[in-house]
Amino acid sequence: MGNKQTVFTAEQLDAYQDCTFFTRKEILRLFHRYRDLAPQLVPLDYTDRPAVTLPYELIGSMPELKDNPFRQRIAEVFSADGDGNMTLDDFLDMFSVLSEMAPRDLKAYYAFKIYDFNNDDYICKSDLEKTVNKLTRNELTPEEVRLVCEKVIYEADADNDGKLSLEDFQRMIVRAPDFLSTFHIRI
Amino acid sequence: KNKEEEESEGEDSCTQQSRASGRKSCQRENGDGKKAREEGSRQRERGKKAPTKDQKESENKEKKTKKEGKEGEDKRKADRTNSTSSASSNSSDEESLSEEELAMLMEEVEQKKKLISTMRNKPWRMVKKLSVLREAQAFVEKFEGALGKGKGKKLYAYKMMMAKKWVKFKRDFDNFKTQCIPWEMKIKEVESHFGSSVASYFIFLRWMYGVNLVLFGLIFGLVIIPEVLMGMPYGSMPRKTVPRAEQATAMDFSVLWDFEGYIKYSALFYGYYNNQRTIGWLKYRLPMAYFMVGISVFGYSLMVVIRSMARNANESTADGDDDNFVFSWKMFTSWDYLIGNPETADNKFASITTSFKESIVDEQESNKDENIHLRRFLRVLANVLIICCLCGSGYLIYFVVKRSQTFSKMQNAGWYERNEVEIVMSLLGMFCPPLFETIAALENYHPRIGLKWQLGRIFALFLGNLYTFLLALMDDVNEKLAEEDVVKNITHWTLLGHHNSSVENGSSATPPPLDPADVPRGPCWETTVGIEFVRLTVSDILVTYITILVGDFVRACFVRFVNYCWCWDLEAGFPSYAEFDISGNVLGLVFNQGMIWMGSFYAPGLVGINVLRLLTSMYFQCWAVMSSNVPHERVFKASKSNNFYMGLLLLILFLSLLPVAYTIMSLPPSFDCGPFSGKKRMYEVIQETIELDFPLFVAKIFSYVANPGLIIPAILLMVLAIYYLNAVAEAYQRANAELKKKMQMQREEEKNKRNNKASTNPVLQDLEDLLTPSPKSESHPKKAEGK
């Protein structure tokens with residue numbers, strides 16, 4: 001368990017351990033996963049913090065994400081430029097929030113941002129429609145989709161503005177029994 | 001607005017600070033004034049404070065500027081190098097800080113430390129987290145030293161150093177622990193193909209493996225190894241030697257398979273152990289160790305299960321049967337992010353679509369007029385049938401165990417007669433659960449509730465079987481105890497006879513000892529019990545593996561290869577590929593563990609066998625699942641099923657503790673085998689150790705504590721405490737329900753108000769809105785006008 005790695009300085013690794021839920025070994029493993037996406041773009045030495053960004057196409061092709069209907073939104077939420085192009089920091093952040101150890105509130109905050117397709121800090125009807133269509137691959141009729149969205153707003157909208165705010169969403173999702181186990185990616 | 005305030009206050013502080021040293025720092029602070037909103041509020045506070053302090057302490061300029069300098073740096077989080085220089089220059093001037101300054105500083109430091117420890121929970125970007133972390137760490141490091149001035153400086157510094165070392169040690173230990181966790185990639189593969197519910201079984205299996213490994217370490221290290229290394233060697237004593245009569249067949253495979261022969265007289269079983277009070281040069285007290293290890297096996301398991309339950313209970317604060325959020329939860333929590341395989345994803349899409357369609361239909365349908373009486377009758381009928389099955393299986397086992405006793409007396413019992421008990425129990429375990437499922441079709445419950453009933457019934461089946469088996473075993477034990485008296489006499493007279501004859505023949509003072517193989521042996525009932533449990537476990541293992549092989553793998557091969565030349569589509573219709581039976585497998589694991597707990601006191605090697613079993617199970621089942629199973633079509637989870645299985649495990653733990661405790665307390669140990677031979681009761685070893693090994697007053701203390709006059713009030717007190725805690729918990733639950741109802745009512749009210757408002761006369765609405773203006777109603781007149 002010596003300091004045989006030359007990718008990060010010891011301080012960098014400690015800082016990452018403080019800012020994510022990962023241990024030293026997992027951070028290094030994640031770095032190598034990131035690097036494997038584009039070995040020619042990502043240097044092996046991160047001690048001087050190079051500004052390397054990988055395009056969304058590479059991130060979205062990872063085996064953990066490629067079958068997820070929300071992978072584009074996930075990448076957009078965690079990327080700095082909002083287009084899905086991620087640096088190593090964003091990459092670590094993403095998997096830290098989606099890991100087993102992240103608490104419910106943190107996951108609820110990011111889940112809200114993921115399902116908010118138009119980034120207006122509210123999950124409105126159009127966001128809900130997009131979610132349902134992604135979940136069912138457009139197999140439901142428009143009438144059924146409308147019904148589902150109306151039901152969701154009826155159930156969860158507590159301040160009655162016709163859309164879900166962060167508080168509404170958090171109140172609803174925090175009590176869901178399956179949320180922690182489904183909003184989880186193991187890497 | 002905030003930024004302007006910041007800058008103006010920056011200038012204020014600048015003018016005040018310009019009185020003292022540090023014009024450089026003033027300019028720096030001004031530059032750093034453009035910061036985040038949270039710092040702005042603190043800025044405002046500080047700006048207000050400074051003038052008043054100015055008035056208060058106008059004499060002590062130096063002190064004040066130093067304080068201001070420190071506060072300014074607190075709240076602005078300025079650059080590290082510059083602030084160190086100014087701080088050091090300031091602190092070198094002053095020796096003591098006033099009390100309130102010290103307290104404030106300490107509070108700041110504590111806040112920063114808390115921020116550092118919860119940094120990973122903050123919903124910020126990584127870049128921001130890293131920079132905030134760096135600044136907070138710099139601040140803490142700088143001011144911790146300063147805080148240590150004055151009295152107790154050395155102690156404070158030492159405490160800080162120990163705290164830092166402790167944090168580092170914990171981090172290294174956590175790193176080490178995660179490195180030790182095995183099979184992470186295997187579980188991930190299963191998860192990505194089958195979803196999180198199937199993987200939860202494997203995670204449970206891995207956890208059981210860990211627990212069993214610890215138990216094995218305890219038993220192996222504290223009981224088996226000392227006896228083997230330091231105790232009397234094999235063959236030197238009657239209990240450690242195969243008797244003359246059995247020696248001819250002791251190496252036969254069939255005998256070894258039944259755990260007789262050489263295996264019976266090895267360290268695997270209770271009978272091998274010597275009752276010498278201390279063994280070896282270490283004076284290791286083996287009987288005491290054996291007893292304490294037996295108790296600590298239960299104690300450790302209890303602690304581990306309860307800790308796991310508490311952790312699960314913390315996470316699942318919701319009640320899964322809440323009907324308020326059906327659609328919302330379906331929308332936001334139905335996609336399993338663990339899926340990493342296109343086939344599984346297809347399956348998941350299909351099941352989500354079906355689930356939405358079903359919910360929509362349920363929503364639109366009016367309440368069907370159910371025939372309640374018919375339903376009730378059917379449910380009662382189903383329960384009656386199942387109780388009949390349970391009784392039938394219990395009686396069957398009792399009958400078979402009784403029969404096996406007569407078989408064991410027979411000379412040439414065939415293979416079937418010898419293993420009849422195990423075969424019958426395994427077959428019952430295999431065929432009754434599907435039978436229960438078919439009967440349960442009568443009941444027509446919601447799938448989630450139906451699953452709970454099914455699990456409860458299987459649990460009752462296994463429990464009934466196990467306890468019937470135990471009862472029958474108890475009969476066997478009592479018989480053996482009766483036999484023992486007879487043998488004891490025989491042994492005594494044989495030894496006496498041998499002694500006399502040797503004295504007659506030779507003139508040597510010490511007679512040659514009787515060969516251990518020739519000494520008449522008592523029927524060691526503990527070893528018999530141990531052997532029974534080991535055989536039961538082994539047959540259970542075999543049946544499980546064969547079921548998986550045949551039921552999953554052969555079936556999959558058949559469906560895959562014979563499908564080409566078969567009349568109907570084997571893959572779509574019957575039999576098709578098997579789905580992984582999560583609950584069946586988990587229950588099997590739980591019951592297997594119960595048997596281990598029961599048998600480990602009488603067969604120390606049993607836990608080792610179980611460790612091997614779990615290890616091979618992991619690889620075998622992972623392979624079987626990946627090669628022959630398909631993901632579930634209908635995916636719903638029994639909510640809080642994690643805690644449900646833990647609860648079962650806890651129940652089994654208590655139920656398996658009972659027989660062991662009973663035998664320890666009330667049955668006399670065999671006279672010639674095991675570590676407690678020669679005593680009247682097994683627990684006497686404790687009294688013996690206290691009397692002989694501890695100083696006198698300890699024995700007195702124990703005798704006072706064991707007084708019934710003390711124990712009964714203690715038990716009463718505990719009962720009262722349980723009652724009180726129960727009452728408190730109920731009160732909290734009621735308060736919780738009230739709050740929920742209130743929230744619900746409020747929501748309904750607001751919804752009704754909105755709905756009502758939308759349908760009233762627009763003119764009246766305008767009037768109303770003009771009279772009572774509110775942000776919401778301001779939008780309504782516009783809407784009304786828009787109409």
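Biologist: Which residues of chain B does UniProt list for "transmembrane region"?
Modeller: First, this is a predicted model: local features need pLDDT of at least 70, side-chain atom pairs count only at pLDDT 80 or more, and totals for chains, interfaces and linings use all residues. Residues are numbered from 1 along each chain as its sequence is written, chains are lettered from A and ligands numbered from 1 in the order in which they are written, and side-chain values use heavy atoms, leaving out hydrogens and water. UniProt positions follow the numbering used here, with feature names shortened, and annotations may be inferred rather than shown by experiment. The unreviewed entry gives 207–229, 288–306, 380–401, 421–442, 454–474, 601–623, 644–665 and 701–725.

Biologist: How far apart are the end C-alpha atoms of residues 421–442 of chain B?
Modeller: Helices (H or I, at least four residues) and strands (E, at least two) are DSSP runs, numbered from the N terminus. Another listed span, 207–229 of chain B, is 100% helix and 0% strand, with its ends 31 Å apart. Residues 421–442 come out at 91% helix and 0% strand, and their end C-alpha atoms are separated by 32 Å.

Biologist: How do helix α18 and helix α20 of chain B cross, at what angle?
Modeller: Axes are lines fitted to C-alpha atoms, for helices over the stretch in contact, and angles run from 0 to 180 degrees between N-to-C directions. The axes of α18 (residues 525–562) and α20 (residues 606–628) of chain B come within 11 Å and cross at roughly 5°. With under 35 degrees counting as roughly parallel, over 145 as roughly antiparallel, 65 to 115 as roughly perpendicular and the rest as oblique, that makes α18(B) and α20(B) roughly parallel.

Biologist: How do the residues of the contact of α18(B) with α20(B) divide?
Modeller: Contact means heavy atoms within 4.5 Å; B:Phe533, B:Ile541 and B:Asp552 are among those α18(B) brings, and α20(B) supplies others including B:Arg613, B:Phe620 and B:Trp623. Ala, Val, Leu, Ile, Met, Phe, Trp, Tyr, Cys and Pro count as nonpolar, Asp, Glu, Lys and Arg as charged, and the others, Gly among them, as polar. The split is 13 nonpolar, seven polar and three charged.

Biologist: On to chain A: how far apart are the end C-alpha atoms of residues 144–179?
Modeller: UniProt's unreviewed entry lists "domain: EF-hand" at 103–138 and 144–179 of chain A. Residues 103–138 are 67% helix and 0% strand, with ends 32 Å apart. For residues 144–179 the span is 64% helix and 0% strand, and the ends lie apart by 24 Å.

Biologist: Which residue forms a salt bridge with A:Lys125?
Modeller: The rule wants a side-chain nitrogen of Lys or Arg within 4 Å of a carboxyl oxygen of Asp or Glu, and the count is 27 over all chains. For A:Lys125, the closest N and O atoms are 3.8 Å apart in its pair with A:Glu150. The pair links distant parts of the chain, 25 residues apart: A:Lys125 sits in α7 (residues 125–136), and in α8 (residues 142–156) sits the partner, A:Glu150.
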